Amino acid sequence: MFLAPVFGYLGDRYDRKLIMIAGLIVWIVTTLGSSFVEKTHFWVLVLTRALVGTGEASYSTIAPTIIGDLFTGTKRTLMISFFYIFIPVGSGLGYILGATIATATEDWRWALRVNPALGGLGLLLLVFLIPNPPRGASDNQGGATMESTSYIEDIKYLLKNRSFVWSSLGVTAMAFVTGALAFWTPTFLFRAQVTQGLRPPCNEEPCDPLDRYSFGAITVVTGIVGVFLGTCISKQLRDRVPNADPLICAVGMLSSSPCFFIAIVLATTSIPATYTFIAIGETLLSLNWAILADILLYVVVPTRRATAEALQIMVCHLLGDAGSPYLIGAISDALLKYNPESPSWDFRRLEYSFLLCPFIGVLGGLFFLMTSLYIKEDRKAAELLASGQAPEPPETSTESV
């Protein structure tokens with residue numbers, strides 16, 4: 001969250017491939033190093049786990065901009081979908097592999113030792129196979145020759161770009177929901193089964209390895225289906241409906257919220273039904289991943305895209321998934337005092353706090369509807385500015401309003 005703006009600044013001005021390589025090396029080293037921390041130095045574990053964010057801050061900020069410079073139109077959307085499909089797939093596999101390795105070795109540290117090996121493979125692919133195109137290479141006419149401006153000017157441009165602002169707020173709401181779901185769903189499902197008498201109470205972790213396998217598998221499958229479905233719908237509608245992309249995101253968010261609400265409510269009576277509605281909700285939520293990245297690429301000029309990615313990442317973590325698991329847990333803990341000795345109340349208090357997620361999802365849908373009002377104008381302004389045919393869009397946008 002804190003390093004993303006730094007890498008955004010660097011990514012719009014210096015060698016993007018070298019920056020990604022450096023960030024990935026830091027990620028591998030800190031991930032592996034955190035597995036060797038002794039119990040007496042817990043603060044070192046916290047520090048190294050925090051520094052893992054260097055990888056995301058560098059890689060996730062810059063990689064989409066390189067894809068944006070290699071492809072255009074519907075092909076860019078397709079390639080972006082391949083990139084972003086691994087957010088839910090990676091998250092799901094993390095649950096499955098992490099639980100498997102920790103259970104097999106009886107030591108969580110080995111999960112953190114296997115992971116860097118995959119990162120090492122990614123590093124080799126990045127070094128030897130990934131091209132490093134000029135900024136704006138895929139855009140029309142003068143995009144590749146645009147000069148970088150000051151960081152303050154970049155921020156002002158982005159804050160006046162209404163499509164960017166509203167879509168970033170929508171991404172933040174989406175991150176809030178996905179962060180809370182990823183952190184709390186296995187625990188929630190385990191407590192639901194304890195309440196139904198399907199499992200005995202557990203006082204020693206790990207309590208819910210089976211639920212982590214199940215939730216991980218659902219996340220992988222729904223992520224693949226959702227990303228490709230969203231991409232296909234976007235390709236079909238984009239030429240006929242200029243604001244199709246934010247409308248698809250809005251529909252995804254607004255329709256996923258009732259699914260999550262029903263899943264939460266049904267958890268005390270039917271675990272299969274709960275899993276079913278979670279799967280439907282996650283599929284609808286996953287419609288947005290690739291489309292959101294594509295929106296940013298075509299409403300922001302090439303020389304400011306890394307800064308835009310960075311600012312969006314910072315905001316969505318700051319107000320989204322960095323705080324949502326803690327907030328859900330804090331609400332649940334605050335309700336503990338009303339019945340501290342009851343296992344069923346352990347479930348109920350988490351259930352009541354979990355109900356916040358569907359309402360945040362509705363709010364995110366409304367943000368995307370607002371994006372749809374401005375997307376056509378902002379996209380045209382970015383295209384004209386990139387080709388050198390128009391002044392900065394903020395002034396023209398302000399006058400048109």
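Contact here means heavy atoms within 4.5 Å. By that criterion, and leaving aside neighbours within four places in sequence, Val 300 is in contact with Tyr 157, Leu 158, Asn 161, Phe 164, Arg 305, Ala 308 and Ala 382. The model is predicted: local features need pLDDT of at least 70, side-chain atom pairs count only at pLDDT 80 or more, and totals for chains, interfaces and linings use all residues. Residues are numbered from 1 along each chain as its sequence is written, and side-chain values use heavy atoms, with hydrogens and water left out.

**Nonpolar cores**
- The largest nonpolar core (buried Ala, Val, Leu, Ile, Met, Phe, Trp, Tyr and Cys residues joined through side-chain atoms within 4.5 Å) has 63 residues.
- Phe 188, Val 300 and Phe 354 have the most contacts inside this core.
- Helix α9 (residues 162-195) supplies the largest share of this core, 13 residues; helices are DSSP runs of H or I, at least four residues, numbered from the N terminus.
- A second, separate core of 17 residues includes Ile 19, Leu 123, Leu 126 and Ala 310.

**Thr 172**
- Thr 172 lies in helix α9 and has a relative accessible area of 6%, so it counts as buried (under 20%, 1.4 Å probe, protein chains only).
- A polar atom of the Thr 172 side chain is 2.8 Å from the backbone oxygen of Ser 168.
- Beyond neighbours within four places in sequence, Thr 172 is in contact with Val 315, Cys 316, Leu 319 and Gly 320.

**Packing of α9 and α12**
- Helix α9 packs with helix α12 (residues 271-286) at an angle of about 170°, with axes 12 Å apart; axes are lines fitted to C-alpha atoms over the stretch in contact, and angles run from 0 to 180 degrees between N-to-C directions.
- The two helices are therefore roughly antiparallel (over 145 degrees).

Methods:
Buried means under 20% relative accessible area, exposed over 50%, partly exposed in between (1.4 Å probe, protein chains only). A polar contact is a pair of N or O atoms within 3.5 Å; within protein, one must be able to donate a hydrogen and the other to accept it, and residues adjacent in sequence count only if both atoms are side-chain atoms. Angles under 35 degrees count as roughly parallel, over 145 as roughly antiparallel, 65 to 115 as roughly perpendicular and the rest as oblique.
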